Amino acid sequence: MQPSAPPFDERLTAPRSWWFIAFGIGVACALMLLPLGALPLLAGLVGGTAAAAAAVSSYGSARIRVVAGALVAGDARVPLSALGEPEVLDAEEARAWRTHKADARAFMLLRSYVGTAVRVEVTDPQDPTPYVFLSTRDPKGLAAALTAVPTA
């Protein structure tokens with residue numbers, strides 16, 4: 001019996017530039033309210049920035065974990081016993097699997113700002129999902145965590 005694998009836990013946070021864009025949206029909201037006075041301008045700045053920041057934070061809160069014999073990606077939870085060998089994808093191969101090689105039935109946790117990914121076939125005959133595609137900044141670490149955990 002293998003010892004417990006090192007846990008894998010990754011949060012796919014949005015890049016810093018998106019936070020600057022969120023602030024820019026707040027400034028744009030403030031400028032739209034400029035003719036109405038200083039108080040609406042301030043409300044537009046705070047409200048617009050807060051709404052845009054909430055959207056960026058929500059999109060950047062996707063999480064991938066390997067815990068308790070399961071792969072947890074976003075809202076999906078797949079037992080490791082239902083998964084085949086993970087395939088580490090570089091940026092070029094990941095792009096191909098996101099576009100012309102993609103299967104509409106696959107579970108995909110995509111983030112446009114993450115170039116690399118891992119693709120794992122679903123081996124459960126009862127599951128119509130052919131594979132799981134996960135954008136990750138550490139594809140080798142995720143693949144190692146998926147293969148190191150005993151699936152018995």
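T129 comes out as buried in this predicted model, because its relative accessibility is 18% and the cut-off for buried is under 20%. The residue sits in a loop, the one that runs between β7 (117–122) and β8 (131–135). Its side chain has a polar partner there: T129 and D127 are joined by a side-chain contact of 2.9 Å. Leaving aside residues up to four places away in sequence, T129 touches R105, A106, F107 and V122.

One of those neighbours, R105, leads on to the charged pairs. Side chains of opposite charge can pair when their charged atoms come close. How many salt bridges does a search of the whole structure find? The count is four, and here are some of them, with the separation of the closest N and O atoms.

| Salt bridge | Closest N and O atoms |
|---|---|
| R119 and E87 | 3.1 Å |
| E93 and K101 | 2.7 Å |
| R105 and D103 | 2.9 Å |

Start with R119 and E87, a salt bridge that ties together distant parts of the chain. R119 belongs to strand β7 and E87 to strand β5 (residues 83–89), with their positions 32 residues apart in sequence. How does R119 count, buried or exposed? R119 is buried, because its relative accessibility is just 10%, under the 20% cut-off. Its partner E87 has 31% and therefore counts as partly exposed.

Next up is E93 with K101. Both ends fall into the middle class: E93 is partly exposed at 25% relative accessibility, and K101 is partly exposed at 36%.

Then there's R105, the T129 neighbour, which pairs with D103. R105 counts as exposed because its relative accessibility is 52%, and the cut-off for exposed is over 50%. D103 has a relative accessible area of 22%, so D103 is partly exposed. So T129, itself buried, touches a residue that counts as exposed.

Away from the charges, there's a nonpolar patch on the surface to look at. F23, V27, L31 and L34 make up this patch, which covers about 370 Å². Where is F23 found? F23 is in helix α1, which spans residues 16–32. F23 has 47% relative accessibility and so counts as partly exposed; exposed would take over 50%.

Notes: Residues numbered from 1 in each chain as written. Predicted model: local features only at pLDDT ≥ 70, side-chain atom pairs only at ≥ 80, totals over all residues. Heavy atoms only, no water. Patch = residues over 30% accessible without salt bridge, like charges linked within 9 Å, V, L, I, M, F, W, Y side chains within 5 Å. Areas by Shrake-Rupley, 256 points an atom, 1.4 Å probe, with all protein chains shown as cover. Salt bridge = Lys/Arg side-chain N within 4 Å of Asp/Glu carboxyl O. Helix = DSSP H or I, 4+ residues; strand = E, 2+ residues; numbered from the N terminus. Buried < 20%, exposed > 50% of the residue type's maximum accessible area, 1.4 Å probe, protein only. Polar contact = N/O pair within 3.5 Å; in protein donor to acceptor, adjacent residues only side chain to side chain. Contact = heavy atoms within 4.5 Å.
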